[in-house]
Amino acid sequence: MVSESPDEMDTCRDNKPRHAVYEKMEKLVQDMQQSETGVPVRSQKTFRTFITSVFTGSDLIQWLSTRLKLSDDEHSEAVKLAVLLCHYGYIFPVGDTKNLNVKEDASLYRFQKPYYWPSQYADPDNGSYAIYLVKRSMRNKQKHGLEDHELANLQKLETMLCDKWDYIVTQAKDQVKIAKEKKRADKALNDAQERAFWRVHRPPPGCIKTLEEGPKRNFQPSQMAARRKKNKDLLYSELQYLRRSISICRVKTSKANENLENFALQYFYLDPMLTPPLPSNPWITDDTTFFEISKTNTEIPTEQTVKKWSYSLQALLSDPRGRHEFKNFLVKEYSHENFAFWTACEELKFCRQSEVFDRVQKIAEEYLTSGSASEINIDSRCAEMVKQNMKLPKPNRFTFDSAQEQIFSLMKKDTYQRFIRSEQYNNLLANAIQPGGKKKFFSFGSRKKNNMLTPSPKPKRRGSSGNDAEIESATVAHHSYSTGNLRELDDRQPPTMRRDANSSDSSLARCDTSPNLAARLSLRSPQESPRKAKQLEVPRHSSSNVHVSEPTRIDNSSAACLAITVPSKTNVVAPWEGVD
Amino acid sequence: MATEALRAENPESIEALSREAESLKNRLAEEKAKLNDVDSCVIGQRLESLQNFNIKPRRTLKGHQGKVLCMDWSSDKRHIVSSSQDGKMLIWDAHTTNKEHAITMPTTWVMACSYGPSGSVVACGGLDNKCTLYPVNMDEDPATKKKAVATHTSYLSCCSFTSSDHQILTGSGDSTCALWDVESAQLIQSFHGHAGDVMSIDLSPTETGNIFVSGGCDKVAMVWDMRTGDCVQVFDGHESDINSVKFYPSGDAFATGSDDATCRLFDLRADREVNCYKKDSIIFGCNAVDFSMSGRVLFGGYNDYTVNVWDALKGTRITILYCHDNRVSCLGVAPDGTSLCTGSWDYTLRVWA
């Protein structure tokens, strides 16, 4: 066994499923046992006996901490690892045969000998266990007496292995005899190691069996290697995949990273793990208001939900209510058929198999027959593809795929953009539920974070003039710039619109100086009753996109503020206010 | 196809094909290298680090008599289905910690369970090689209306409904994934390509995605086109079994958790690994991964009884969650992102927020 080919290695590993973790633990334990750099091992004299080669729990944990370069905050990790080494039988406590635990104090521990390591001796059989138990029952009761569960095990084994029992007893006798000839210290060490080994492999009831594995894998590593080599089907599909993937379009890694970052930034305020949800997280406070208001069947959506719709068409369509509102909008615009077609295709994809045929026919009839009331407008190439698909003997879930894709990008470029700029959308946003009150909104710390993490496309994107150009790139990088889009558009809108754009990405927090104020905002009548007007401050940073890339950030408190005049009397009332 | 069949009879073909595959692989590596303009450690540098991230255990779900192996959230954001080694599947109202249903399976090691999008059906399976659906209503015993939908030639390791209750996608130890029609229990599409056991699948969160990702014991993650059954992308890099795969919420990337004690992030459009989550002190394998709602936080459940919480973009560890007394076998973030549920071999589930 000097040099092993990878295959042979795999074969060796077939029987050792968790080899990776054992190897890593064993490397650590070997390093620990180095005389110079390892854990300081000494001999200690207690009142009557002399205990050899032991180390203390605190030394061990200290060593692990240093070796793994753990910071003070991560100290608990060293303790955890020490306990695991004990659970897996690499070290064991001296004197305590019951508990497998490591305490960070002067308590003493010993190394298990490699012969007993799980990688060497993973699955000891009942025969060896029986010999061990018989051995102990033959010896000094006080020192080696069996525990209750061990006695029970011994009885069970005696019936199970009755045909071999004589052999087991002889073996045990021989081993006891040999042990008697050994030196006292060696004997004690051997006994302790053996006992620790069985403590791990045959733990008392209720204790963790660390070495237990899940069900065996179906394919062993050697089989996988063989399959890869010899299986022609796999080879063909691999080749097919390789040929195709040579030509696929990839984006630069930096671009991909940027997209992931932008998404995370955009959703930062919607992520309850990062921004405490309003009014409160139901798991922390037991107040289920958050569940209630975010249900998809409530009458009025929350402001968060409505804002999310503006992130991307995807975000809008993944929310049933978003779909509903979008549909209403399109019905008003008399361009409902595109959306209806898209929805029908989506339903077709995930419908019962038995319905596929009927659905395909129905869609073709309703949307693709020339002259029908809700005919959709697709290009000739696409129509041809669908026609070809329809000729196939079996109707397919994906018959209309190309047409559906085309309609989707059409909606994305056109109707969706109009929807999020429409009066209907703005009304929805204005009417939306704004849970929580003043205190929560201005919770300490969140302002600062907001300032730093405003979702912001690169400055250069601001320069891109055409809306369509944005969308072109968005088909590759969906989601990424939709807020950027909005803002850009909003710059050209009357100032009342700006408020929405600001709040849409700088969290709901900032618009609310009083809990109901924002809900009372009237978008239609900014000039109304100027005497009663209140001033609402909105930090300006979210309307400028540059500062994220600036090395020094503008401090929020000193940032220029944009004052918006807000009339206090309005025709818009939050739903929970009732009639007051 | 006919020509391929002829070539298959050629005794030299395997070698020839292997050679071709080899040269294509090299070319592919070159192509990828051209676009690799930044180091993976650069990712997330412009982001502020997450401060005050603090979640605590809020609920403990006790009731399983065996190791908890799998869990899934209901779309109502408060119900959970969990399955265990002793063949039990429990349905919880996690918020009140009440058990609402208990279903006994005719098998042990129920390794997969999943809630239907409507919340009125659950699917599960394990060493019985089957995926069985149970309707969940308050008034009836689910077991009387059960329906076996999928059958594999080895254990069922994972299952997931598509966007409707009418289709279910399964992954199995027989190295395949398959899409099934629930009503007729017919196979719609099978997915061949893994060389070893499939351990985990995840459907793309984008509506028009039509793709899913799978990870297996052959150490690779594969992205599949559900329409054609073709593997469209393969991602390697792990040194041991991949136990868990999960899409980034935007659908542009996915994370993996592996027995090699690392988690990784693979980007679909860059077609490569963009981040790796590891530490010297983490030596035990990772069984389950999931993202917070924004994708910023990645949770990994490990065999060392802990959950490591990673900043998915910066690649740094935010914190460790200690609470279980045995391996963390499964975890999932609630659909509304408010909480994290972890399941463990210590027979319990916990909800964190």
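This passage describes the two chains of a predicted model and the contact between them.

Chain A holds 29 helices and six strands. Of its 580 residues, 33% count as buried. Among contacts in chain A with a separation of 6 or more, 65% join residues 24 or more positions apart.

A UniProt annotation, "domain: RGS", covers residues 312-429 of chain A and comes from an unreviewed entry. That span is 73% helix and 0% strand. Its end C-alpha atoms lie 16 Å apart.

Helix H21 of chain A runs over residues 401-421. This helix has 21 residues and reaches 29 Å from its first C-alpha to its last. The figure is close to the 30 Å expected at 1.5 Å a residue. H21(A) is bent, however, by about 45° at Met411(A). Met411(A) is also one of the buried residues of the helix. On the N-terminal side of the bend, the buried residues are Asp401(A), Ala403(A), Gln404(A), Gln406(A), Ile407(A) and Phe408(A). Beyond Met411(A), the buried residues are Thr415(A), Tyr416(A), Gln417(A), Phe419(A) and Ile420(A). An α-helix has 3.6 residues a turn, so residues three or four places apart point the same way.

Helix H9 of chain A, residues 184-201, has 18 residues. The helix reaches 26 Å between its first and last C-alpha atoms, close to the expected 26 Å at 1.5 Å a residue. Its buried residues are Ala196(A), Phe197(A), Trp198(A), Val200(A) and His201(A). These buried residues pack against two elements of chain A: strand S3 (91-93) and helix H5 (126-138).

Chain A also meets chain B. In this interface, 76 residues of chain A are in contact with 96 residues of chain B. Several helices of chain A each supply at least two residues to the side that touches chain B. They are H2 (19-32), H4 (75-87), H10 (221-230), H11 (232-247), H12 (253-266), H13 (282-285), H14 (289-293) and H16 (313-317). H11(A) gives the most, with 13 residues. By residue class, the side of chain A that touches chain B divides into 43 nonpolar, 15 polar and 18 charged residues.

Chain B is divided into domain 1 (1-36) and domain 2 (55-352). Taken over C-alpha atoms, the centres of the two domains are 34 Å apart. For chain B, an unreviewed UniProt entry lists "repeat: WD" at residues 61-102, 149-190, 191-234, 235-276 and 321-353. Residues 61-102 are 0% helix and 60% strand, with end C-alpha atoms 13 Å apart. Residues 235-276 are 0% helix and 55% strand. The end C-alpha atoms of residues 235-276 are likewise 13 Å apart.

Met71(B) gives a local view of chain B. Met71(B) lies in strand S2, residues 68-73. The residue counts as buried because it has 26 C-beta neighbours inside 10 Å, and the cut-off is 20 or more. Outside its neighbours within four places in sequence, Met71(B) is in contact with Ile80(B), Val81(B), Ser82(B), Cys330(B), Gly332(B), Cys341(B), Gly343(B) and Leu349(B). Met71(B) and Gly332(B) are 261 residues apart in sequence. In space, their C-alpha atoms are 7.3 Å apart.

Definitions and conventions. Residues numbered from 1 in each chain as written. Chains lettered and ligands numbered in written order. Predicted model: local features only at pLDDT ≥ 70, side-chain atom pairs only at ≥ 80, totals over all residues. Contact = placed C-beta atoms within 7 Å. Helix = DSSP H or I, 4+ residues; strand = E, 2+ residues; numbered from the N terminus. Nonpolar A, V, L, I, M, F, W, Y, C, P; charged D, E, K, R; others polar. Expected span 1.5 Å × (residues − 1). Bend = angle between axes of the 7 residues up to and from the residue. Buried ≥ 20, exposed ≤ 12 C-beta atoms within 10 Å, placed from the backbone. UniProt positions renumbered as here; feature names shortened; annotations may be inferred. Domains from an automatic or database assignment.
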